[in-house]
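Reader: I should like to go through this model in order, one element at a time. Please reason briefly before giving each answer.

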Amino acid sequence: MSRSGASRCLRSFTISNMIKREIYLAKTNKNSFRLDADFTEDTVGFAIESFLSVLSFPRLRFSIKPFSRRQERWLGADARLDGYLKSFKPFYMQFKRPSAYPDISTAKVIADREKLRLPVSPHTLYFELRKKREQHYDYQHNVLYRLRKRLLSAGVGDAAYVCPLFLERSAYRFHVHMSGLMLWPIFWRSSPWELEEILISSTSGEIKFDQVPVLREHISIPPHSIVSDAKHSYSFTEGGSDLCFHSPLALPDVGTSLTSFLAKVAGTVQDDHGFISINDAGRRLRELFAAEDNAENGFLLPESMRANDNGLEAWLYWGDYLRQEFGIEQFALVRW
């Protein structure tokens, strides 16, 4: 059996047995039998951030970094960064934790999928949209949607929800641990750039993110439309297929694996398409996120960042603003 096949079998076995064991302990009411993941969205973000940060390609002079000014090792280092950072490609992820309903549930998630003839057995994973806080001008989902729309229009990066295909922390920890063990021997080789030969295709120049097992165990879902309230959710199978948006609406071609999302964002390592030059960073930030669009209810970028003449600093503050206000994490593929 292939590595990916064994991984899917193990995941299916783990979740199915977990549901059999805990279905009566974790239910929230007698009719729904809802199960919630026993880890937080921050746990998901930490796991993904850890693996992406490890992927550094010294010979090709680029790496993947969280892009936020609150990180101390970036603070006060603007001059040094200006000297070494050549360009970057931003992308955005909003991490979610899954919940699940078994096929015997009478919950709306199950009923909606059955009406659309989407699979529900043995269970369905899903997550709900985030509610709007009083100080927010729009829903988090709409902010993510507008981010993505502007990025795609400019040919720069992408934005999506990212959710693991696990409910149990022990299963999640196991797959993260196994991914680390599989990559561990690589880091002890005499030449650190040998990692590039494994993760970068010599013919196409594409980064083979599917070689990092834990990344394959997450679904990425781009926000597909604007909403007028947060009473919606996305559901999918434990394999990350048969996506449904609960209006309800089947979205068979929208969801994809996290590896596919990252591969699309990164493109090929020889291609400069989509990268933002450090010398042009301030203008591009305003161009991407501060242009007024009445159809989108005005600006995304706060006034304080629009007036910042230091382009790199403004991008880092922008990343921190999105994380603090909306839980959206800004990352960047950085070319040094």
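Reader: In which strand is the place of T124?

Author: The model is a predicted one. The residues 123-128 form a strand, and T124 falls within that range. The place of T124 is therefore strand 6.

Reader: Is T124 buried or exposed?

Author: T124 touches S99, A100, Y101, V109, I110, R113, P119, S235 and F236, leaving aside residues up to four places away in sequence. Its relative accessibility is 0%. Buried means under 20% relative accessible area, so T124 counts as buried.

Reader: In which sense do strand 6 and strand 9 pair, and which residue in strand 9 is the bridge partner of E128?

Author: Strand 9 covers residues 233-236, and four bridges link it with strand 6. The sense of this pairing is antiparallel. In strand 9, the bridge partner of E128 is S233.

Reader: Which strands stand at the edges of the open sheet of six strands?

Author: The sheet has the order 1-5-6-9-10-11, with antiparallel pairing. A strand at the edge has a single partner strand, so one side of it is left without a neighbour in the sheet. The strands in that position are strand 1 (35-36) and strand 11 (249-250).

Reader: Which residue is joined to P122 by a cis peptide bond, and where is P122 placed?

Author: P122 is in the loop between helix 4 (108-115) and strand 6. The peptide bond that leads to P122 has omega near 0 degrees, and it is cis. The residue before P122 in this bond is S121.

Reader: What is omega for the cis peptide bond at P248?

Author: P248 is found in the loop between strand 10 (244-245) and strand 11. A cis peptide bond joins S247 to P248. Omega for this bond is about 10 degrees.

Reader: R117 lies in the loop between helix 4 and strand 6; is R117 buried or exposed?

Author: R117 is not a glycine, yet its phi is positive, at about 60 degrees. The relative accessibility of R117 is 78%. Exposed means over 50% relative accessible area, so R117 counts as exposed.

Reader: What is the relative accessible area of D242?

Author: D242 lies in the loop between strand 9 and strand 10. This residue, which is other than glycine, has a positive phi near 50 degrees. D242 is partly exposed, with a relative accessible area of 33%.

Reader: How many of the residues of strand 4 are buried?

Author: Strand 4 spans residues 87-95 and is mostly covered. On one side, S87, K89, F91, M93 and F95 are buried, and on the other, F88, P90, Y92 and Q94 are buried. Both faces of strand 4 are thus covered, and the number of buried residues is nine of its nine.

Reader: Which strand pairs with strand 4 in the parallel sense?

Author: Two bridges join strand 4 to strand 13 (residues 276-277), which run antiparallel, and F88 stands opposite I276 there. Seven bridges join strand 4 to strand 14 (residues 329-335), also in the antiparallel sense, and K89 stands opposite L333. A further pairing, over four bridges, is parallel, with Q94 opposite Y161. The partner in this parallel pairing is strand 7 (residues 159-164).

Reader: How are helix 10 and helix 12 oriented to each other?

Author: Helix 10 (residues 281-289) and helix 12 (residues 311-326) pack with their axes 7 Å apart, at an angle of about 40 degrees. The contact is made by A281, G282, R284, L285, L288 and F289 of helix 10 and G311, L312, A314, W315 and W318 of helix 12. These residues divide into eight nonpolar, two polar and one charged. By the angle, helix 10 and helix 12 are therefore oblique to each other.

Reader: Which element gives the largest share of the largest nonpolar core?

Author: This core has 77 residues, of which Y92, M93, F289, W315 and W318 touch the most other members. W318 has contacts that include Y92, L147, L285 and F289. The largest share of the core is seven residues, and these come from helix 12.

Reader: How many residues are in the second, separate core?

Author: In soluble globular proteins, nonpolar side chains tend to be buried together. The second core is separate and includes Y101, A107, I110 and V120. Its number of residues is six.

How values were computed: Residues numbered from 1 in each chain as written. Predicted model: local features only at pLDDT ≥ 70, side-chain atom pairs only at ≥ 80, totals over all residues. Heavy atoms only, no water. Buried < 20%, exposed > 50% of the residue type's maximum accessible area, 1.4 Å probe, protein only. Contact = heavy atoms within 4.5 Å. Axes fitted to C-alpha atoms, helices over the stretch in contact; angles between N-to-C directions. Parallel < 35°, antiparallel > 145°, perpendicular 65-115°, else oblique. Nonpolar A, V, L, I, M, F, W, Y, C, P; charged D, E, K, R; others polar. Core = buried A, V, L, I, M, F, W, Y, C linked by side-chain atoms within 4.5 Å. Pairing = 2+ DSSP bridges.
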